[in-house]
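Colleague: Could we go through the charged pairs in this model together? I would like the reasoning as well as the numbers.

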Amino acid sequence: MDATSEVYSGSRKLHEEETAEIPETAHQISTDSWFQVGFVLTTGINSAYVLGYSGNVMIPLGWIGGVIGLIIATAISLYANALIAKLHEYGGVRHIRYRDLAGFIYGKKAYSLTWGLQYVNLFMINTGFIILAGQALKAAYVLFKDDHALKLPHFIAISGVVCAVFAIGIPHLSALRIWLGFSTVFSLIYIVIAFVLSLQDGLQAPARSYDIPGTKISRIFTTIGAAASLVFAFNTGMLPEIQATVRKPVVENMMKALYFQFTAGVVPLYAVCFVGYWAYGNKTSSYLLNNVNGPIWVKAMANIAAFLQTVIALHIFASPMYEYLDTKFGIKGSPLKIQNLTFRITVRGGYLAINTLVSALLPFLGDFMSLTGAISTFPLTFILANHMYLVAKKDKLTSAQKLWHWLNVCFFALLAVAALISALRLIAVDSKTYHVFADL
């Protein structure tokens with residue numbers, strides 16, 4: 001395979017007793033427990049994005065479609081991620097990057113294509129995080145001073161600066177450690193507050209409508225878009241990069257982390273999603289904290305917690321890009337070394353500046369969720385996962401198992417095309433309704 005010698009030319013042994021080779025990397029490998037990795041995954045799915053699912057998923061799907069859709073999305077996401085996790089040491093090599101795994105199985109072209117898809121996926125997720133952080137800051141600000149002097153683009157810019165400072169200070173994914181604890185606390189703050197205040201509003205509010213809004217044609221597009229948002233909710237698009245940090249045995253420990261993510265980890269998401277929709281019906285905002293009523297200081301605390309957690313979560317999803325750049329330019333040694341610090345300020349700061357500009361230009365969060373699910377989450381998590389497993393294990397699979405994986409590949413390919421069309425339509429409609437740098 002052409003890509004193998006190129007990608008793995010710098011391979012080294014992590015421990016003498018290991019047989020699986022590891023590609024050269026500037027970041028740490030095999031240092032984290034499965035529990036810490038489980039918290040990394042849980043941080044991703046319980047980020048401030050959960051505050052948007054009541055409006056962006058439940059409204060287009062309704063009670064039946066929303067509940068069933070979330071349960072199915074949870075199950076198929078666990079299944080697809082398990083397929084990828086089981087290929088981590090395929091061929092006697094640790095595949096610490098998604099593109100490395102694809103390149104090893106298919107060749108050099110697939111390596112480049114997968115890296116492109118993953119880059120788009122993570123860039124758009126991070127763009128969404130900065131929009132979320134800006135919305136949270138704005139929501140906190142207007143509680144005390146609703147003078148419209150500062151608008152959403154201003155808060156997005158502030159968020160971008162804070163994210164850049166955090167990215168400069170945290171050199172790699174394993175260095176998050178205590179920040180994962182803070183992230184969990186921040187998540188619990190805004191989830192519990194959103195849950196309690198929504199429950200209180202729902203008990204006091206008059207009857208509300210759960211009818212799915214829009215014309216028949218628009219409902220088709222919003223339903224498909226919501227389906228893309230469903231898979232976006234549970235998937236990172238960077239599982240091999242996260243699995244690279246877990247200690248041996250890597251497959252067994254990663255499966256423990258995945259089971260933690262898709263059991264205990266999804267409970268907060270389900271709770272706030274369902275209660276938010278129950279409380280406000282089809283008037284639920286795409287940012288749930290905009291709906292809730294309660295003491296100003298409580299809502300302010302929830303919004304600030306959402307902002308701070310978003311800064312940490314963004315760093316997780318930006319880490320593959322940071323690892324690529326650090327490795328490519330030979331950034332090693334102490335993170336505080338002037339050369340390394342200058343590199344992070346310049347490169348990571350520049351990367352997040354681009355993210356921030358796009359966020360301010362097109363602050364349509366729901367559209368970004370749908371588009372990301374369509375063009376990258378479906379291909380990376382479902383199409384590639386099933387096909388790579390099919391190719392890697394073809395001699396060990398029965399005819400029925402092969403047929404099953406092919407059906408998955410075809411189904412998710414069709415769904416990805418439909419979701420892409422739907423997401424582009426949603427963006428086109430919103431672009432006509434709002435101008436660039438809109439104050440939503």
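**Salt bridges and a helix pair**

Modeller: Gladly! Arg97 has a relative accessible area of 6%, so Arg97 is buried (under 20%; exposed is over 50%, partly exposed in between, with a 1.4 Å probe and protein chains only). This is a predicted model, where local features need pLDDT of at least 70 and side-chain atom pairs count only at pLDDT 80 or more, while totals for chains, interfaces and linings use all residues. Residues are numbered from 1 along each chain as its sequence is written, and side-chain values use heavy atoms, leaving out hydrogens and water.

Colleague: Which residue forms a salt bridge with Arg97, the closest N and O atoms being 2.8 Å apart?

Modeller: A salt bridge here is a side-chain nitrogen of Lys or Arg within 4 Å of a carboxyl oxygen of Asp or Glu. The partner counts as buried because its relative accessibility is 1%. A network of salt bridges also links the pair with Glu323. The partner of Arg97 is Asp100.

Colleague: Nice. How many residues apart are Glu89 and Lys248?

Modeller: Their side chains meet in a salt bridge at 2.3 Å, N to O. Glu89 is in the loop between α3 and α4, and Lys248 in the loop between α9 and α10 (helices are DSSP runs of H or I, at least four residues, numbered from the N terminus). The pair links distant parts of the chain, and the separation is 159 residues.

Colleague: And Glu252 and Lys256: what separates them in helix α10?

Modeller: Glu252 forms a salt bridge with Lys256, with the closest N and O atoms 3.9 Å apart. Since they are 4 residues apart in α10, the separation is about one helical turn.

Technical notes: Helices (H or I, at least four residues) and strands (E, at least two) are DSSP runs, numbered from the N terminus.
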